[in-house]
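Reader: I should like to learn how to read the features of a structure that is new to me. May we go through them one at a time?

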Amino acid sequence: MDLQKFVANFESAIGGVKPGSLNPGTVFHTDIEYWDSLATLSVLAMIDMEYNTSIRADELIECKTIEDVFNLAISSAD
Amino acid sequence: MAEIKGISYYLPKKVITNVQLSELFPEWSVQKIADKVGIKNRYIAEDEQCASDLAFEAANKLFDDLKIKPESIDFLLLCTQSPDYFLPTTACLLQNRLGIPTTAGALDFNLGCSGFIYGLSLANSLIKAGEAKNVLLITAETYSKFIDARDKGNRTIFGDAAAACLVTKSDRDQISSFVYGTDGTGGQNLIVKYGGMRNRNAVEADEDCLDEESGLLHRKGTLEMKGAEIFNFTIKVVPSTVSKILDKAGLTIDDISLFVFHQANRYILEHLRKKMGIPEEKFYYFMEDCGNTVSSTIPIALHHALIEKKLNQGDKILLLGFGVGYSWGGCLLTI
């Protein structure tokens, strides 16, 4: 699993952000305008579709940065 | 053997549009959300209008549409999670209001989004066992009464409705290949915690609490839904349940003419459709005008699909319901 590719997938999943505007350290709950419950669903859907794994919703909500989500996805795929 | 003779439904008169929701919640991107979830209108029962009132309208419409009399019904099944009273059983009150004979059996069963499938299974089984000939299966829900006025998300998704379906004795086996599933570990993820016997403190039920997922306040006694957890549940069970139904019937996705799933919301369904590789033209949507009506979404969608889609005799429709409980189930219908 590649971190840069994951960030790009994250961007395209939630939509409404400029490509390349997010990075692994982005604190998505606060840095992304209009972060909402549908954005959470979009990230879960992306991880399911692109990486064929799922992470727990409560663990995703506790993540701060996109890299935290990436690490969670890696550990669930193992 | 049994078949579905007809489906009719009723929506309350009061409509909540996306424009109205935007006015109520200017900070809430209702239009954006509605575009993604695929809902424009949802119909809401009046304060004095209960599940039995919606059920009554739907059943009478079915009697008119099929030109049958209530006297012909020998079993009434009512699926609801918002009954008029704890007791008596709402189906018993409906028997009287509808003029169904006192010799008929009648019962309520408490299921949500999987309810229509379980009702079909019960109706099918009653007929196959020779216990009934004409089963009236009604799904009726007024979830709006459970939802906090400040709960933008659930107010966007859910609508009230009732659907009535007649399942009759037949010389052909139209309803088959049932698969069921239950997982109570998900019970807390879609719940109304107060109002039953577990939590009876009405003062506490009126206190505010914070929903961690949405960051919104709601009264403790209102509907709580962890949408992201529900999403994870659906991506886990829906594809495997579809496979089990197909395996049971010895069929593949290519053999199915139409897939009619519980109309949870368009975003979830579209993800599931793509994940399973189901072609768009075989996947039916009907939620734009009425939202997620819980146990009535499948019969309402099926009603419209049977009119709109030019299905031929022998074509197969795969029905699948999933949600609160967790509970899920699916089956095949042969046209």
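Reader: Which strands of chain B does helix 10 of chain B lie across, and at about what angle does helix 10 run to strand 1 of chain B?

Author: The model is a predicted one. Helix 10 (residues 297-308) of chain B lies across strand 1, strand 6 and strand 7 of chain B. Its direction is at about 100 degrees to that of strand 1 of chain B.

Reader: In what order do the strands of the open sheet with strand 1 of chain B stand, and which are the edge strands?

Author: The order in this open sheet of five strands is 1-7-6-4-5 (chain B), and the pairing is mixed. Strand 1 (2-10) and strand 5 of chain B are the edge strands, each pairing on one side only. On average, neighbouring strands are turned by 15 degrees against each other, direction ignored.

Reader: How does one see the mixed pairing in particular strands?

Author: One looks at the direction of each pair. Strand 6 (residues 134-141) and strand 7 (residues 161-169) of chain B run antiparallel and are joined by eight bridges; B:E141 stands opposite B:A161 in strand 7 of chain B. Strand 4 (residues 75-79) and strand 5 of chain B, by contrast, run parallel, with five bridges between them. Here B:L77 stands opposite B:L107 in strand 5 of chain B. From strand 4 of chain B the chain passes through helix 4 (residues 90-98) of chain B to strand 5 of chain B, a β-α-β crossover that is right-handed.

Reader: Which side chains of strand 5 of chain B are buried, and which are not?

Author: The side chains alternate along strand 5 (residues 105-109) of chain B. B:A106 and B:D108 point to one face and are buried, whereas B:G105, B:L107 and B:F109 point to the other and are not.

Reader: What is found on the two faces of strand 13 of chain B?

Author: Both faces of strand 13 (residues 258-261) of chain B are covered. B:L258 and B:V260 on one side, and B:F259 and B:F261 on the other, are all buried. Strand 13 pairs with strand 14 (residues 316-323) of chain B in the parallel sense, over four bridges, and B:V260 stands opposite B:L319 in strand 14 of chain B.

Reader: Where does strand 13 of chain B stand in its sheet?

Author: The sheet is open, with four strands in the order 8-15-14-13 (chain B) and mixed pairing. Strand 8 (175-182) and strand 13 of chain B stand at the edges with a single partner strand each, so one side of each has no neighbour in the sheet. Strand 8 of chain B pairs with strand 15 (residues 327-334) of chain B in the antiparallel sense over six bridges; the bridge partner of B:Y180 is B:G329 in strand 15 of chain B. Helix 5 (residues 115-128) of chain B packs on this sheet, touching strand 8, strand 14 and strand 15 of chain B.

Reader: How may one judge whether helix 3 of chain A is enclosed or not?

Author: One counts its buried residues. Eleven of the 15 residues of helix 3 of chain A are buried, so this helix is largely enclosed by the rest of the structure. Among them are A:L41, A:L44 and A:D48.

Reader: How many residues of chain B are in contact with chain A, and which helix of chain B gives the most?

Author: In chain B, 17 residues are in contact with 13 residues of chain A. Helix 8 of chain B gives the most to this side of chain B, with six residues. By class, that side has five nonpolar, six polar and six charged residues.

Terms used:
Residues numbered from 1 in each chain as written. Chains lettered and ligands numbered in written order. Predicted model: local features only at pLDDT ≥ 70, side-chain atom pairs only at ≥ 80, totals over all residues. Buried ≥ 20, exposed ≤ 12 C-beta atoms within 10 Å, placed from the backbone. Pairing = 2+ DSSP bridges. Right-handed = clockwise from strand over helix to strand, strands pointing away. Contact = placed C-beta atoms within 7 Å. Nonpolar A, V, L, I, M, F, W, Y, C, P; charged D, E, K, R; others polar. Axes fitted to C-alpha atoms, helices over the stretch in contact; angles between N-to-C directions.
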